[in-house]
Amino acid sequence: MPRLRARRLAWALIDTGSAMGKKLIIAEKPSVAQDIARALGGFARSGDYFESEQFVLSSAIGHLLELAVPDEYEVKRGKWSFAHLPVIPPHFTLAPIEKTEERLKLLVRLAKRKDVETLINACDAGREGELIFNYIVEHAKTPKRVERLWLQSMTGDAIRDGFAHLRAAHEVEGLRQAAMSRAESDWLIGINGTRAMTAFNSKTGGFHLTTVGRVQTPTLAIVVDREERIKRFVPRDYWELEARFEVAAGTYTGRWFDENFKKSDDDEHARAERLWDVARAEAIRARCLGKPGRIEEEAKPSTQLSPLLYDLTSLQREANGRFGFSARTTLQIAQALYEKHKVLTYPRTDARALPEDYLATVHGVLGHLGAPYDTFAAHILQQGWVKPNKRIFNNAKISDHFAIVPTGTAPKHLSEAEQKVYDLVTRRFLAVFYPAAEYMVTTRITRVDGEPFKSEGKVLVNAGWLAVYGKEAAVDDNQSTPSLVAVKKGESAKTLDVAVKPNQTRPPPRYNEATLLTAMEGAGKTIEDEELRAAMGSRGLGTPATRAQIIENLINESYLHREGRELSPTAKAFQLMIALRGLKIDELTSPELTGEWEYKLAQMEHGSLSRAEFMKEIGEMARHIVLQAKTFESDTVPGDFDELTTPCPRCGGVVKENYKKFQCQKCDFALWKIVAGRQFETTEIETLLATRQVGPLIGFRNKMGRPFNALIKLNDKLEPEFDFGQPRAEDETGEAVDFGDQAAIGPCPKCGAGVYEHGLAYVCEKSVQSPRSCDFRSGKVILQQPVEREQMQKLLASGRTDLLKNFVSARTRRKFSAFLVRQPDGKVGFEFEKKAAAPKKPAGEAAAGDAKAPAARAKSTRAAPAADTSADSPPAAPAKPAATRKRKAAP
């Protein structure tokens, strides 16, 4: 009865003024329009809209219009120049998005109906929803009264309550102005920045498209900064000590650690267990060997809560890490599960909580889940675990949309990829209601002659939410470690052995999509200014709905390469960062610009900053970008550029680096910094000028984007050329190759003669003599993995190299690790590292030129000569028989 009275009261309020005409409700998405129709009732459907006695109801399909260049400011793409910049129009043009133009026409027609007197904005409760609705109204050119529906929950009661408390347009005027200002600002900075930088890079001829943007460019800067750290990284040797102890119940291991260690910001690689002096490590080992150890042990319980529900970014991270799905692919799959299959809620969300009035809906969803989830769902309901909990149900943690959860609709005809994403979301939904997982954590310190060795054991006592994932998840997610052998009270341990384990620090890893999404999401946390950091809050760079497309745009614009799961910046990306820093347009490379905008847009929403004042600042910023790009030439861009020590090979003058070239200061001799998508290091150019060749170098790319390796040589005209390797038999004169004073690397595995370095390969001396009596040849670079002389010596002497970790599969583009091994027929093949999980399966061997995947269970041990593919020469340059393959190195 109370709910019925509330519903009648809501309808009484909704009906007020209905005699004055109908109200057109415009939702943001068709699914929301359907929810509203169900909640209010009384609607009849007519194509893509609904109608009742009081309302006409339809929806947009996301954005229907976008800002465009006004006709009087439009310049053809290839004609961009400073003469037409900056572009700061007095008004903006709205252009319909072609694929949704029919829906726009429908909404305009409905808005202009004579019986419609009021428009209700039922788009999402946020800045973007305000923008979508206001663009439609502006395009329709209708002066009709506007009201605002503000919803954070889509339950029937919440919708009816929202209609009972519609807001007047003036109550959200600040939000409207902020939405319009943000869109126009992004447009102005994107258009002027892109056209200015394109014009700047095209000053010397051609058309060199150089896109920039408020979100895109700081995102790129994050990846470039990481790559610069990797390039600057110098590995440091360190040692760890691992002791093996024996007690009555068995043996266990312990790792030495420094009890007085304190973490410092000065050394990111410092750890309690690392020793930087091998002499000290050896001394501790010698002192502890064979001596008894005094045991101290502590066992205490520990708990782990389930992960929060998914928002889009966390779902994209998980799908990338587990399945290798790109962020864009995951979004497309989640969108299909929402729109087509109706099995998930709206995926473009940044919230990880549900509305506080959603408990009844959750009960309903749990009651409709089928196998294999129904057992867990039934257990949740039986135990009464669905109850108010701010970790799960929290309106304060919801903006436009709530977390991604299943709808309860039974999935049918899902593809394999769709099933994987649906399973992720559904299991996470179930897990969040389960109690915490419980562990017993044992920490044992074994002191030998005063030196501490730590051993840890972690045993799962109560699975809790891990039951939803089964036993496999506990292993995959490192949820437990083996338990320690028991010790008696007062028992001492015998030190059987102490191993000194050498190691090296590693550079930071390259970003993949999962880690880049995390970096974008948390970009605001790096801002030093407290007010800007607070204003940016949890927004980060981009939104959950746009981050995937930003990454794809960076790849499509040739700023990033996707290598398997890794993202690496291109030479074009480095060049853009150098230009923006040199031109003093640093604001485009930092998330602080977003932080500053968010701070001022929040002021605008609350009425303390005018739209005109904000847009004036944006116009000034656009003018600054254009002026800086217009003022400098490519050889006058300020920067930390080097002066080479090797003189010009043409005139002996000084060669200096500038933005685009290594240029002689006395004559016209110059070398491009970027050739075939690869940027030269200063040291490489020094070598090229001094010896007339450098390499083999990896990282070049042909016009199809395929990587290749090559030597670079200066020809008689001092022009750089690619050299893809020396002839496999004698040279064109018919004479044997003279290796001069070069010492043999080792014996040929086929004939026993000497193996020498020759061009891009290691070759048997008899393979380059006349007549040729051996064909052994192995590349210095195999599948993008450099094979150093030391490794080839090991291969020839012992039949095996060390584990090499940077091979890249030609088929999947993924990195893998392998040993190069000498096979019985003298050819070079791969041997993959044995996996501990499958000790019964021997490591497989495959030909180095035919690697399939980095796994111990390689299906084939068939070998082919590594020489056939090891040079990684580009497909565009087929081999020429008995001749050096060369090609001019053009930028």
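**Exercise 1. Which residue forms a salt bridge with D775, and how far apart are the closest N and O atoms?**

Keep in mind that you are working with a predicted model.

*Step 1.* Start from D775: its salt-bridge partner is K750, and the closest N and O atoms are 2.7 Å apart.

*Step 2.* Now place both residues. D775 sits in the loop between β28 and β29, and K750 in the loop between β26 and β27 (754-758), so the pair ties together parts that are 25 residues apart in sequence.

*Step 3.* Check the accessibility of each residue. D775 has a relative accessible area of 48% and is partly exposed; K750, at 32%, also counts as partly exposed.

**Exercise 2. In what order do the strands β26, β27, β28 and β29 stand in their sheet, and which of them stand at the edges?**

*Step 1.* Trace the pairing: the 4 strands make an open sheet in the order β26-β27-β28-β29, with antiparallel pairing.

*Step 2.* Look for strands with a single partner. These are β26 (746-747) and β29 (777-779), so each has one side without a neighbour in the sheet.

*Step 3.* Zoom in on one pair. β28 (residues 761-764) and β29 are joined in the antiparallel sense by 3 bridges, and A761 faces G779 of β29.

**Exercise 3. Compare the salt bridges R611 to E184 and R562 to E552, asking where each residue lies and whether it is buried or partly exposed.**

*Step 1.* Take R611 and E184, whose closest N and O atoms are 2.9 Å apart. This pair links distant parts of the chain, with R611 in helix α20 (residues 611-631) and E184 in helix α6 (residues 173-201), 427 residues apart.

*Step 2.* Apply the 20% cut-off for burial. R611, at 23%, counts as partly exposed, whereas E184, at 8%, is buried.

*Step 3.* Turn to R562 and E552, where the closest N and O atoms are 2.6 Å apart. Here R562 belongs to strand β16 (residues 560-563) and E552 to helix α17 (residues 547-556), 10 residues apart.

*Step 4.* Apply the cut-off again: R562 is partly exposed at 33%, while E552 is buried at 7%.

*Step 5.* Set the pairs in context. The count of salt bridges comes to 54, and K22, E51, R113 and D115 are linked in a network of them.

**Exercise 4. Where do the cis peptide bonds at P86 and P372 lie, and where are the positive phi values of K342 and L718 found?**

*Step 1.* Recall the background: most residues other than glycine have a negative phi, and most peptide bonds are trans.

*Step 2.* Find the cis bonds. One joins L85 and P86, with omega about 0°, and P86 is in the loop between β5 (65-68) and β6 (93-96). Another runs from A371 to P372, with omega near 5°; P372 lies in the loop between α11 (359-368) and α12 (374-383).

*Step 3.* Inspect phi. K342 has a phi near 60° and lies in the loop between α10 (327-339) and α11. For L718 phi is likewise near 60°, in the loop between β24 (707-714) and β25 (720-723).

*Step 4.* Add accessibility: K342 is partly exposed at 44%, but L718 is buried at 15%.

**Exercise 5. What is the mean pLDDT of the protein, and where does pLDDT stay under 50?**

*Step 1.* Begin with the overall figures: the mean pLDDT is 84, and 86% of the residues reach 70 or more.

*Step 2.* Find the low stretches. Residues 1-19 stay under 50, and residues 727-734 are also below 50.

*Step 3.* Draw the practical lesson: where pLDDT is low, the predicted coordinates should not be read in detail.

Notes: Residues numbered from 1 in each chain as written. Predicted model: local features only at pLDDT ≥ 70, side-chain atom pairs only at ≥ 80, totals over all residues. Heavy atoms only, no water. Helix = DSSP H or I, 4+ residues; strand = E, 2+ residues; numbered from the N terminus. Buried < 20%, exposed > 50% of the residue type's maximum accessible area, 1.4 Å probe, protein only. pLDDT = per-residue confidence, 0-100. Contact = heavy atoms within 4.5 Å. Pairing = 2+ DSSP bridges. Salt bridge = Lys/Arg side-chain N within 4 Å of Asp/Glu carboxyl O.
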